[in-house]
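Trainee: I'd like to look round this model with you, one bit at a time. Where do we start?

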Amino acid sequence: MKNTQNASIPLIFSEEVKAALNQGKPVVALESNVITHGLPYPQNVITAKKVEAAVRKGGAVPATIGIDKGQFLIGMDDEYIERFATTPNIPKVSSRDLPIILAQGKMGATTVASSIVAAELANIPFFSSAGIGGVHRGAEDTMDISSDLIQFTHSKVAVVCAGAKNILDIGLTMEFLETHCVPVISYQFDDFPAFYCRSSGFKSPHRLDDESDIAKAIELYWGLGRNSSILISTPTKEADAINSQDVDAEINKAIIKAKQEGITGNGITKYIMRAIDKVTAGRSAEANMAVLINTAEVAGKLAAAHATYKNTNQELKTAC
């Protein structure tokens, strides 16, 4: 890996990612939190490599983001993935935690919010995640709103996802995105998806079916002077989806039980996810992996279309 600097923040690019960026090839950033706080070893390594392979299948180069020795890792080789997968107690680092973890020189696993910070610094216009954070149910009392949403208003990155997790208040999440002028586009689907559920029950503000149209919309949005994210949702495949009705009632029960047991903050999400896994007889874990892989492949396709669009426009400008 070679060292480089961007805005005084040290970035370590893998050779593959560095070469792709220099040549104008499509690159998709990925979070490392999936490796450290998702599945146990060695399933976490297997999943990370499957997600990277899906990005390649879509036509782009994967760049898994991490933090080590006060530096952003922009693209992980097999050795780094193995290290992140086997090192215990690597902290989950959101965007607000970045300066502290970087200053201390610790290892850190990036979330959606911190990954798009790193992606923008590295001039990577695309990021893929299975599902974004959002406004939590009961936020009118708890003010529990994911930092993902706030970071979208600050980072100039196209975020490809399978919507937001159905444990959230999807309606309020959509309202937040509208209020903060974050465009939401559903790719080849009418509804805004809910992670491993194909539909959240809410229509997407916009639907686009052609990759080149999405590429054009992204460039027009940023051309209008917007220095924030644009959100592109894609539903999981029908064969991998879980019916939202099967889990929604269980989510409401789990929220009530969590309150009764005094569980707050991040603990609520873990509590609810365990309850869902139980009621779906483990199917949710398989569905999680399927969402990760499908979203990564779509992100690869969209990133490839975006790179083609930009390169073509540049050639036309040069010719003129």
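**Rings, cores and empty spaces**

Trainee: Is Y196 buried or exposed?
Mentor: Y196 has a relative accessibility of 0%. The scale calls a residue buried under 20% relative accessible area, exposed over 50% and partly exposed in between, using a 1.4 Å probe and protein chains only. So Y196 counts as buried.

Trainee: What kind of model is this?
Mentor: Residues are numbered from 1 along each chain as its sequence is written, and side-chain values use heavy atoms, with hydrogens and water left out. Local features need pLDDT of at least 70, side-chain atom pairs count only at pLDDT 80 or more, and totals for chains, interfaces and linings use all residues, the whole thing being a predicted model.

Trainee: How many aromatic pairs does the structure hold?
Mentor: Rings of Phe, Tyr and Trp (its six-membered ring) pair if their centres lie within 6.5 Å; planes under 30 degrees apart are stacked, over 60 edge-to-face, and the rest tilted. By that rule, the number of aromatic pairs here is two.

Trainee: What do we call the arrangement of Y80 and F84?
Mentor: Y80 and F84 sit four residues apart in helix α4 (residues 78-86), about one turn of the helix. Helices (H or I, at least four residues) and strands (E, at least two) are DSSP runs, numbered from the N terminus. Both rings belong to buried residues. Their centres are 6.4 Å apart with 55° between the planes, an aromatic pair that is tilted.

Trainee: And why is the pair F195 and Y196 called tilted?
Mentor: F195 is buried too, at 6% relative accessible area. The ring centres of F195 and Y196 are 5.3 Å apart and the planes meet at 50°, so the pair is tilted.

Trainee: How many residues are in the largest nonpolar core?
Mentor: A nonpolar core is a set of buried Ala, Val, Leu, Ile, Met, Phe, Trp, Tyr and Cys residues joined through side-chain atoms within 4.5 Å. F72, I74, I124, F126, F152, L231 and I232 have the most contacts inside the largest one. Its residue count is 85.

Trainee: Which helix gives the largest share of this core?
Mentor: Eight of the residues come from one helix, and that's the largest share. The helix runs over residues 283-319 and is called α13.

Trainee: How many residues are in the other core, the one with Y80 and F84?
Mentor: This core lies apart from the largest one. I81 and A85 are among its members as well, and the total is 13.

Trainee: What is the volume of the largest cavity?
Mentor: On a 1 Å grid over the protein atoms alone, a cavity is a set of points where a 1.4 Å probe fits but cannot get out, while a pocket is an open set with protein on both sides within 12 Å along at least five of seven lines; lining residues have an atom within 4 Å of a point. Grid points are joined across faces, edges and corners, and a volume is the space filled by probe spheres set on the points. The count is one cavity of 30 Å³ or more. The largest cavity has a volume of about 120 Å³.

Trainee: Which element gives the most to the lining of the largest cavity?
Mentor: The lining includes L30, E31, V51 and L292. Two elements, α2 (33-36) and α3 (43-58), give two or more residues to it. With three residues, the top contributor is α3.

Trainee: Which residues lie closest to the centre of the largest pocket?
Mentor: The largest pocket has a volume of about 1,700 Å³. It is lined by 42 residues, and closest to its centre are N33, H37, K92, K165 and T269.

Trainee: Which element supplies the largest share of that pocket's lining?
Mentor: α2, α8 (147-152), α12 (266-279) and α13 each supply at least two residues. The largest share is six residues, from α12.

Trainee: What is omega for the bond joining Y41 and P42?
Mentor: Most peptide bonds are trans. P42 sits in the loop between α2 and α3. A cis peptide bond joins Y41 and P42, with omega about 5°.

Trainee: What is phi for N89?
Mentor: N89 lies in the loop between α4 and β6 (92-93), and at 77% relative accessibility it counts as exposed. Though not a glycine, N89 has a positive phi of about 60°.
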